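Hi,

Here's the structure I said I'd pass on to you. Have a look at it first, and then read my notes underneath.

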Amino acid sequence: MFSVKEITIIVPSIGKKISKKWIYQINHFCKNNISVVISIPPGIDIKKVYSMGFSKDILIVNSDRKGQVFQRQFAYKYSKNKLIMHMDDDIFFNLDSIKGLLEVFNSLPENSCLAPAIKNSHKRKKYKSNLFFLVRNLILYSELNPIPGSISSSSLPIPYYKTDNKNMTQKVEWLPGGITLIRKKHCIKDDYFKFSGKAYCEDLFLSRYLRKNKINLYINNKFSFKTKLESYRSLNLIKFIKFIINDFRIRNFFRKNIKKRFIPLLFAYFYFIF
């Protein structure tokens with residue numbers, strides 16, 4: 001049975017524009033004997049990052065390469081613990097939830113990766129009772145009744161919200177990348193993500209790679225995390241076009257890997273973006 005003292009939280013970050021609330025949260029974890037390693041791109045001044053308010057007990061390192069995946073993998077060597085909790089620098093999760101998630105993890109098979117659900121404060125209408133959601137599901141997922149936590153026929157992942165199957169641990173095909181718990185020996189160190197820059201839908205590639213390596217993926221609905229959703233519509237035209245090109249290129253590459261049809265992804269993507 002693992003304890004929180006055996007967890008290292010690994011955070012890949014650009015080292016800029018981190019909220020004070022998140023810094024307070026990560027400092028609190030550190031005060032409670034949870035090891036934290038923040039991996040920032042090469043060339044970023046570590047002293048300036050510490051000056052944002054981080055505890056000196058948190059280890060901040062410069063990765064040898066820029067990129068979310070590379071920075072995360074680089075940080076593994078600084079962990080002496082057996083458990084790794086991957087966490088992004090915009091994820092909000094409390095200490096009690098970490099302890100609860102760990103308790104669930106201890107009950108799972110050894111070859112497991114566990115994530116909390118995405119917190120959704122809005123009540124969603126049941127798909128089967130609402131024509132709008134049926135049509136929406138067909139466009140987005142090419143399915144009438146998509147299963148949360150699965151990869152849809154359109155290649156888009158289906159989110160698993162806190163309101164789905166309350167207080168259950170569910171085996172899934174895909175884990176959102178914001179926060180996951182896994183044994184260090186099962187962490188992927190291979191170069192599985194072939195793209196530089198922002199890691200668009202990297203969690204899809206990682207989930208697939210973990211499953212290929214016989215790691216079972218689970219989501220627990222009793223615990224959930226909050227994050228600030230990105231608003232792509234607030235981008236200026238040039239940045240928006242750049243985002244569309246890069247994001248769609250990577251999603252289409254993923255589609256080819258899992259051998260799904262192109263047209264459903266195209267329709268889903270236009271609906272998803274606009």
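The closest cysteine sulfur to that of Cys-113 belongs to Cys-187, and the gap is 8.1 Å, too far for a bond. For a disulfide, the two sulfur atoms would have to be within 2.5 Å. Cys-201 is in no disulfide either: the nearest cysteine sulfur is that of Cys-113, 17 Å away. A search through the whole structure comes up with 0 disulfides. Keep in mind that this is a predicted model.

Are these cysteines buried or exposed? Cys-113 has a relative accessibility of 3%, so it counts as buried. Cys-201 counts as buried too, at 10%. The cut-off here is that buried means under 20% relative accessible area.

Next, two serines with backbone angles you may want to look at. Ser-142 isn't a glycine, yet its phi is positive, at about 60°. You'll find Ser-142 in the loop between α5 (131-141) and β7 (169-172). With a relative accessible area of 26%, Ser-142 is partly exposed.

Ser-155 also sits in the loop between α5 and β7. Its phi is positive as well, near 85°, and again the residue is something other than glycine. How accessible is Ser-155? Its relative accessibility is 4%, so Ser-155 counts as buried.

Now for the chain as a whole. Going along it, you can pick out 8 helices and 9 strands. A compact globule of 274 residues would have a radius of gyration near 19 Å, and the chain agrees with that because its own value is 19 Å. If you drew a box around the C-alpha atoms along the principal axes, it would come to roughly 55 × 45 × 35 Å.

What share of the 274 residues is buried? The figure is 51%. As for who touches whom, take the contacts with a separation of 6 or more: 72% of them are between residues 24 or more positions apart.

On the outside, the chain exposes about 15000 Å², and 55% of that comes from carbon and sulfur atoms. Finally, the charges: there are 49 positive side chains and 19 negative ones. The centres of those two sets lie 4 Å apart.

If you'd like somewhere to start, open the loop between α5 and β7 and find Ser-142 and Ser-155. After that, go to Cys-113 and look across to Cys-187.

Cheers

Key
Residues numbered from 1 in each chain as written. Predicted model: local features only at pLDDT ≥ 70, side-chain atom pairs only at ≥ 80, totals over all residues. Heavy atoms only, no water. Helix = DSSP H or I, 4+ residues; strand = E, 2+ residues; numbered from the N terminus. Rg over C-alpha atoms; globule rule 2.2 N^0.38 Å. Buried < 20%, exposed > 50% of the residue type's maximum accessible area, 1.4 Å probe, protein only. Contact = heavy atoms within 4.5 Å. Areas by Shrake-Rupley, 256 points an atom, 1.4 Å probe, with all protein chains shown as cover. Lys, Arg positive; Asp, Glu negative; His and termini not counted. Charge placed at Lys NZ, Arg CZ, Asp CG, Glu CD.
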